[in-house]
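Me: Hi! I have a structure open and would like to talk through some of its details. Could you help me go over it?

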Amino acid sequence: MSLERDRISSAQMIILGLFTLIGDMALVYPSVMAAGAHEDAWIAGFICIPLGLATVKLMVSAANINPNKTIIELSIQILGKWAGGAVAVSYLFFFLMAASTYVREIEDFMCTQIYEGTPGGVIRFMAIVLLVYGLRLGLENLGRAAQIFFPFFALFLISLILLFPNVQMDRIHPIWNTPFPDMLHTIMYGVFYPYGEMCVFFMVYPFAQKHSKTSRDIFISLFIGAVGLNLILFLSLTVLGAYFSEHEFYPAYILAQRINIGNFLQRIEALLATTWIISTYFKTVLYFYAFVLGIAQLLKLKTYRHLIFPVGFLIYGMTNLLAKDIIFYVKEIPPFWVDWDFTYAVVFPSLLLIVNFFRKRSAQNREQG
């Protein structure tokens, strides 16, 4: 009997995928890209779109080896008890660290931009309470909630059109002035940061009600999300400039403060903050869910729900231990994090596909022999 009885529709899975793709990236993506490619960051961003979709295609292919099993079950089935178990534990560690990181991002953003002077532990505790509450309601309810909140998220992306009168194209000159190694490094960030973190759907994909056009819909929606993400980057470069895009922690938040239509429609950064927290919440709760479900599957428990409260306390503590301040995880963690994303989105899925191919081929040869 499956540990997870809840099911979500393809539409709900796609919306959760958009929240995961854009999620915390909506605020930090411009600074990450501009740090390496400067004025050429928008070029690197658009190069990343086909490469990122190819990465997602690889993960979908690996998930389709057995669409009814999570990455924990697939790893053990294909690689064996010990090697597969090691891969499974590695994924679980990543899910835990990612969930802790996103809670920390919410805490630091709220404490530095909205509730200045509020102790970080208070914001962190409130975030954990909401995560635990949402996860206790189950995957199906999370999918429905994502559908309800999605229009607010779409409204934010549409509101960025209001910034076009402030665009100054001379801010992205000179073009193609970035050395090739720096451009390549930036493209790696742009591919594996947003798209690589879609690996959490290895734990959600088996519980989605799929149809013949599910894969097509996934790629169309992710393409639209990628264009939206790179629109934020382009506007950041052309409105704020490469220097401010690189050195501001939250350039997209500064962008929202620049919207001013006739001195009437202005100061809508609160809308941005709300939509960002909503998207980051769903991204975080999926990683939380992936960790507790994966632990239950690995240990062959009857349910994962008993793990939600203790893991909530674990994430609370890990969030505090993760980094001593915002400077540390903005400047020191990313070079290592992109390697993690590459490992879980490309290396392990490729390994599963290759081993599964040779195992099938060997089985066919035995049958013919």
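Me: Let's start with charges and rings. Which ring does the charged end of lysine 210 sit over?
Reply: Happy to help, and keep in mind that this is a predicted model. The charged end of lysine 210 sits over the ring of tyrosine 205, 4.5 Å from the ring centre.

Me: And arginine 124, which ring does its charged end sit over?
Reply: That one is tyrosine 316, with the charged end of arginine 124 placed 4.7 Å from the centre of the ring.

Me: What about rings with rings? How many aromatic pairs does a search of the whole structure find?
Reply: The search finds 26 aromatic pairs. One of them joins tryptophan 42 and phenylalanine 234: the ring centres are 6.3 Å apart and the planes stand at 75°, so this pair is edge-to-face.

Me: Where do tryptophan 42 and phenylalanine 234 lie?
Reply: Tryptophan 42 is in helix 3 (residues 41-63), and phenylalanine 234 is in helix 9 (residues 214-240), so the pair ties together parts that are 192 residues apart in sequence.

Me: Is phenylalanine 234 buried or exposed?
Reply: Phenylalanine 234 is buried, at a relative accessible area of 17%. Its partner, tryptophan 42, counts as partly exposed, at 22%.

Me: Now phenylalanine 93 and tryptophan 340. What are the distance and angle between those rings?
Reply: Their centres are 5.6 Å apart with the planes at 80°, so this pair is edge-to-face as well. The pair links distant parts of the chain, with phenylalanine 93 in helix 5 (residues 81-114) and tryptophan 340 in helix 15 (residues 334-368), 247 residues apart.

Me: How accessible is phenylalanine 93?
Reply: Phenylalanine 93 has a relative accessible area of 42%, which makes this residue partly exposed. Tryptophan 340 is partly exposed too, at 26%.

Me: Which residues do ring pairs link into a cluster?
Reply: Phe93 and Trp340 both belong to that cluster, and other members include Tyr91, Phe94, Tyr102, Phe202, Trp337 and Phe348.

Me: Switching to helix 2. How many of its residues are buried?
Reply: 11 of its 13 residues are buried, so helix 2 is mostly covered. Among the buried ones are Met25, Leu27, Tyr29, Pro30 and Ala37.

Me: How far does helix 2 reach?
Reply: Helix 2 (residues 25-37) reaches 17 Å from its first C-alpha to its last, close to the 18 Å expected. Just after this helix, histidine 38 takes a positive phi of about 55°.

Me: Any empty space to look at? How many cavities of 30 Å³ or more does a search find?
Reply: The search of the whole structure finds one. That cavity holds about 220 Å³ of space. It has 15 lining residues, and the closest to its centre are Val56, Val60, Met198, Phe201 and Ile218.

Me: Which helix gives the most to that lining?
Reply: Helix 3 does, with four residues. By class, the lining has 13 nonpolar, two polar and no charged residues.

Me: And the second largest pocket, how much space lies in it?
Reply: About 440 Å³. The second largest pocket has 19 lining residues, with Leu130, Leu131, Ile277, Ile278 and Tyr281 nearest its centre. Helix 6 gives the most to this lining, with eight residues.

Me: What classes of residue line the second largest pocket?
Reply: The lining there has 17 nonpolar and two polar residues, and no charged ones.

Notes:
Residues numbered from 1 in each chain as written. Predicted model: local features only at pLDDT ≥ 70, side-chain atom pairs only at ≥ 80, totals over all residues. Heavy atoms only, no water. Phe/Tyr/Trp six-rings, centres within 6.5 Å; stacked < 30°, edge-to-face > 60°. Helix = DSSP H or I, 4+ residues; strand = E, 2+ residues; numbered from the N terminus. Buried < 20%, exposed > 50% of the residue type's maximum accessible area, 1.4 Å probe, protein only. Lys NZ or Arg CZ within 6 Å of the ring centre and 35° of its normal. Expected span 1.5 Å × (residues − 1). 1 Å grid on protein atoms, 1.4 Å probe; cavity = no way out; pocket = protein on both sides within 12 Å on 5 of 7 lines; lining within 4 Å. Points joined across faces, edges and corners; volume = space filled by probe spheres on them. Nonpolar A, V, L, I, M, F, W, Y, C, P; charged D, E, K, R; others polar.
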